[in-house]
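These are my notebook entries on one protein chain. I record what I looked up, entry by entry.

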Amino acid sequence: MRVLVIDVDSLRPDHLGCYGYERATSPTIDALADRGVRFDRCYASDTPCLPSRTALATCRFGVNTGVVTHHGEGQRYDEPGDGHDPGADRMPAFRYLAENGVYTASVSQFSQRHLAYHFSANFQESIMPTATAGGPAVEDCSDVTPVVESWLDRHATDDDWLLHVNYWDVHHPYLGIEEFVDPVRESGPPPSWPDRETIDDQQEMTGIRTADLWPSAGQYRPGWEESYDYRMPESVESREDVEQFVDGYDASIRRVDGEIATLLEALERHGVREDTAIVVTADHGEAFGEHGIYAEHAFPHPACQRVPMIVSWPGVTDEGAGTAVDEQIYQFDLLPTVCDLADLDVPSGWDAESFTPALEGEPFDGRETIVSGHGIYTYGRAVCQDRWLYVRLLHPGVFSYPGLYNDPALTNDGLELLHDLEADPHQTTNLVDACPEKTAELRAELDRWLVERLSDRWHEQRPVEARGRDPLARTASRGPYLYADPDALLELYREHDRSDGQIEAVERTMERFPRSR
């Protein structure tokens, strides 16, 4: 068994040709989808980067691992086990594969960027493609691909390996894309939404990377902006501004797609392309106007939490090649699927479930309900069930837009949103007041999900102070301000003569959710 897992940061599926996108962003990925199975409703169980990859590596929800955000208590992994006993029922996924004869390796800067050494400790071999991570010295694909090729030169023909490769380039600030911008522009039109009316409606919003000011105050370390070679608009006031964001994002996807082609060529050179399984997925997506957010992962909604899952597995997906699966899955369901196909039992303490039947063209029910947590800029959880999206915010950050807490026109408290994804795919209308029965149903579904996880036997083994407590709620009390200083945002709004309403919206949120240091 040979498996190459390509993990592309910030890649939302609806900007790939195989998911119906009009632009030629992804010819290599599209060809993989033609040879494999594409999952149309795959969600990260926890977002953004650190919670998502922790879930992938442990096959457990953030509510069970403790990793729900990027900082403070919510970034600390609760290693199951005692002393030197790793706890076999809940052994992290890649470590479990290694203990059962699959050589595991990762090429990624992720562990250093997020101080996530529990992630790199999963692998027998964890390779940092550069010596630094974060700040202006962000690695790009030209750093990653040669390291992967070198690894394949040494190991491609070995039996039983899994290689995880992480590309960060699709994450803003969209570096090194000059030669790709014009080709994607010429290949087709950008999405028609957000339209002019939506952009106008967003002008009175507040928040990080929203329409009025982008980027926002207090977001970047010294030197970051000076290192950009693709300039973002300073605000979103027109369709041209939106297209500037989208062009940069799409060009970044096209650049990474070319790197994936290089990896496939390396497999071909070593004569193992036809018996290597290829997986393309992501840690989270990126909003381009949804809930007023641009080029950022800041909210529990599909723009952030829905990710691609494309699996091309020789001998497994051959008969159903090119098919799409509409049933819901989690991204971390990949690892029990790998266990299935390697004839390994799935540990009983994992939250993840195999989707092997879907790869083999067999009947597959998927997950009726998806619950996905989010822990940067805002804290909350989303429930996806049928056509409905329900969102409960534990902390709204410094955002304001129709249907959120600091909109004074609300009749509810604004910490809940309900959207009909079929009638309103861009989630522009909050239906909490209009559909009270559906709201109550999904509210109860989330309550039930949370109670079941906080009362299960695994939580009994956690430290006394953490038992039965939701790590997302605990971390929310500190405030989602790792990348955003609300005081600096207020100062910036005043400096740019923003409306009294915008300033008051932030002040109201800060009064109700005081900043805890």
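**Entry 1. Cis peptide bonds**

I began with Pro194, which lies in the loop between α8 and α9 (196-201). In this predicted model, a cis peptide bond joins Trp193 and Pro194, and I read an omega of about 5° there. I then looked up Pro173, found in the loop between β6 (161-167) and α8 (178-187). Here the cis bond joins His172 and Pro173, with omega about 25°. I noted both since most peptide bonds are trans.

**Entry 2. Positive phi values**

I next looked up backbone angles. Most residues other than glycine have a negative phi. Cys59 has a positive phi, near 60°, and I place Cys59 in the loop between α2 (49-58) and α3 (62-65). Is Cys59 buried or exposed? Cys59 has a relative accessible area of 0%, so I enter this residue as buried.

Asp497 also has a positive phi, near 55°. The loop between α16 (486-495) and α17 (500-512) holds Asp497. With a relative accessible area of 68%, Asp497 is exposed, because the cut-off for that class is over 50%.

Asp343, which follows α12, is a further entry under this heading: its phi is positive and near 60°. I looked up helix α12 itself, residues 334-341, and found it mostly covered, with six of its eight residues buried. I list the buried residues as Leu334, Leu335, Pro336, Thr337, Val338 and Cys339.

**Entry 3. Thr378**

I turned to Thr378, which is found in strand β14, residues 378-385. How far does the side chain of Thr378 lie from the backbone oxygen of Ala298? The side chain reaches that oxygen at 2.7 Å. Leaving out residues up to four places away in sequence, I find that Thr378 touches Ala298, Phe299, Pro300, Leu393, His395, Pro396, Gly397, Phe399 and Pro480. The relative accessible area of Thr378 is 0%. I enter Thr378 as buried because its value falls under the 20% cut-off.

**Entry 4. The sheet that holds β14**

I traced the sheet around this strand. Five strands form an open sheet in the order β3-β13-β14-β15-β16, and the pairing is mixed. Which strands stand at the edges? They are β3 (46-47) and β16 (416-420); each has a single partner strand, so one side of each is left without a neighbour in the sheet. I checked the pairing at β3: this strand and β13, residues 369-376, run in the parallel sense over two bridges. Thr47 has His374 in β13 as its bridge partner.

**Entry 5. Strand β10 and its partners**

I looked up β10, residues 306-312, and found the strand mostly covered, with six of its seven residues buried. On which strands does β10 pair in the antiparallel sense? I found β2, over five bridges, and β7 (residues 277-281), over four bridges. In the pairing with β2, Arg306 of β10 is the bridge partner of Tyr43. Towards β7, Val279 stands opposite Val311 in β10.

**Entry 6. The largest pocket**

I then searched for empty space. Rolling a probe the size of a water molecule over the atoms shows where such space is left. The largest pocket has a volume of about 650 Å³. I find 31 residues in its lining, and those nearest the centre are Arg12, Asp14, Arg306, Pro425 and His426. The elements that give two or more residues to this lining are β2 (37-43), α10 (239-269), α11 (302-305) and β14. Which element gives the most to the lining of the largest pocket? That element is β2, with three residues. By class, I enter 15 nonpolar, six polar and 10 charged residues for the lining of this pocket. Arg306, entered above as the partner of Tyr43, appears again here among the residues nearest the centre.

**Entry 7. Cavities**

Last, I looked up the cavities. How many cavities of 30 Å³ or more does a search of the whole structure find? The search finds two. The second largest has a volume of about 30 Å³. Its lining is made up of Glu139, Asp140, Trp168, Asp169, His171, Tyr174 and Leu175. I class these lining residues as three nonpolar, one polar and three charged.

Note on methods:
Residues numbered from 1 in each chain as written. Predicted model: local features only at pLDDT ≥ 70, side-chain atom pairs only at ≥ 80, totals over all residues. Heavy atoms only, no water. Buried < 20%, exposed > 50% of the residue type's maximum accessible area, 1.4 Å probe, protein only. Polar contact = N/O pair within 3.5 Å; in protein donor to acceptor, adjacent residues only side chain to side chain. Contact = heavy atoms within 4.5 Å. 1 Å grid on protein atoms, 1.4 Å probe; cavity = no way out; pocket = protein on both sides within 12 Å on 5 of 7 lines; lining within 4 Å. Points joined across faces, edges and corners; volume = space filled by probe spheres on them. Nonpolar A, V, L, I, M, F, W, Y, C, P; charged D, E, K, R; others polar. Pairing = 2+ DSSP bridges.
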